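Student: I am new to this model and would like a close look at one part of it, the place where charged side chains pair up. Could you walk me through that part slowly, and then show me what surrounds it?

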Amino acid sequence: MWWIIPVAIVVILAVWLVATYNSLVSKRLKVKNQWSQVDVQLKMRADLVPNLVNTVSGYAKHEQKTLDQAISARNRYVAANGTEAKIEASNALSGVLNRLFALAESYPDLKANTNFLNLQEQLGQIENKIANYRQFYNDCVMMYNETIMRVPSNIVASLFHFQPETFFQIEEEDRNVPPVQF
């Protein structure tokens, strides 16, 4: 009869270990799934950039530097490997797209071009989806990272080498409030 208590403790620990491990795996998969949702939208945005650049280039031939930067930023995003590299490349692409749309403000004929307006609308819709998916991705990362850092699940996380995931953050220069002039 004395052996029942040690066996019960071992069984309880084994059940806890399996349950905690499965919970960590589930949360990690949710983070990866949410990242893939963000990545799909970022890819759609990157695919729009060449069309946007071609439309703008017909009106703003002397603004070649900005157009080249847009294509370069898009290519860096497409070539990026890993979550952190894609986040960094996406932030760079966002900055270039903002400059591209600011450039378009200087060309009234371009702002009236239906192709440009259509591309701008599509890009706006994708940007809204990206913002929503980023938020959900960051929520999943927070729950996952919190689980691998909390006691006692951190013991299982360290045993099985679960690593914290990276949050999707904006670049420091994007945090600055743009000047408004009237």
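Tutor: A good place to begin is the salt bridge in which the side chains of Asp47 and Arg74 meet, at 3.3 Å from N to O; a salt bridge here is a side-chain nitrogen of Lys or Arg within 4 Å of a carboxyl oxygen of Asp or Glu. Asp47 lies in helix H1 and Arg74 in helix H2 (residues 64–79), so this pair ties together parts of the chain that are 27 residues apart in sequence. Helices (H or I, at least four residues) and strands (E, at least two) are DSSP runs, numbered from the N terminus.

Before going further, please keep in mind that this is a predicted model, in which local features need pLDDT of at least 70 and side-chain atom pairs count only at pLDDT 80 or more, while totals for chains, interfaces and linings use all residues. Residues are numbered from 1 along each chain as its sequence is written, and side-chain values use heavy atoms, with hydrogens and water left out.

Asp47 also forms a salt bridge with Lys43, where the closest N and O atoms are 2.7 Å apart. Both Asp47 and Lys43 lie in helix H1, 4 residues apart, which is about one turn of the helix. Taken together, Lys43, Asp47 and Arg74 are linked in a network of salt bridges.

How exposed or buried are the members of this network? Buried means under 20% relative accessible area, exposed means over 50%, and partly exposed is in between (1.4 Å probe, protein chains only). Asp47, with a relative accessible area of 35%, is partly exposed, and Lys43 counts as partly exposed at 36%. Arg74, by contrast, is buried, with a relative accessible area of 17%.

A search of the whole structure finds 6 salt bridges, and one of them joins the side chains of Arg45 and Glu127, at 2.9 Å from N to O. This pair links distant parts of the chain, since Arg45 is in helix H1 and Glu127 in helix H5, 82 residues apart. Arg45 is buried, with a relative accessible area of 0%, whereas Glu127 is partly exposed at 28%.

The bridge from Arg45 to Glu127 leads to the packing of the helices that hold them. Two packed helices are described by the angle between their axes and the distance between the axes. Axes are lines fitted to C-alpha atoms, for helices over the stretch in contact, and angles run from 0 to 180 degrees between N-to-C directions. The axes of H1 (residues 4–57) and H5 (residues 114–149) come within 8 Å and cross at roughly 160°. That makes H1 roughly antiparallel to H5, given that angles under 35 degrees count as roughly parallel, over 145 as roughly antiparallel, 65 to 115 as roughly perpendicular and the rest as oblique. By class, the contact of H1 with H5 has 22 nonpolar, 8 polar and 7 charged residues; Ala, Val, Leu, Ile, Met, Phe, Trp, Tyr, Cys and Pro count as nonpolar, Asp, Glu, Lys and Arg as charged, and the others, Gly among them, as polar.

Glu127 also takes part in a second helix pair, for it is one of the H5 residues that meet H3, alongside others including Phe116, Leu123 and Tyr137. On the H3 side of this pair, the residues include Ser90, Asn91, Leu97 and Phe101, and contact means heavy atoms within 4.5 Å. The residues of the contact of H3 with H5 divide into 6 nonpolar, 5 polar and 2 charged. H3 and H5 pack at an angle of about 145°, with their axes 13 Å apart.

One more charged residue is worth locating in this setting. Lys86 is found in helix H3 (residues 83–104) and counts as buried, at 14% relative accessibility. Leaving aside residues up to four places away in sequence, Lys86 touches Trp35, Asp39, Tyr77, Val78 and Ala80.

Farther along H5 lies Asn145, which is buried with a relative accessible area of 6%. With residues up to four places away in sequence again not counted, Asn145 touches Pro164, Glu165 and Phe167.
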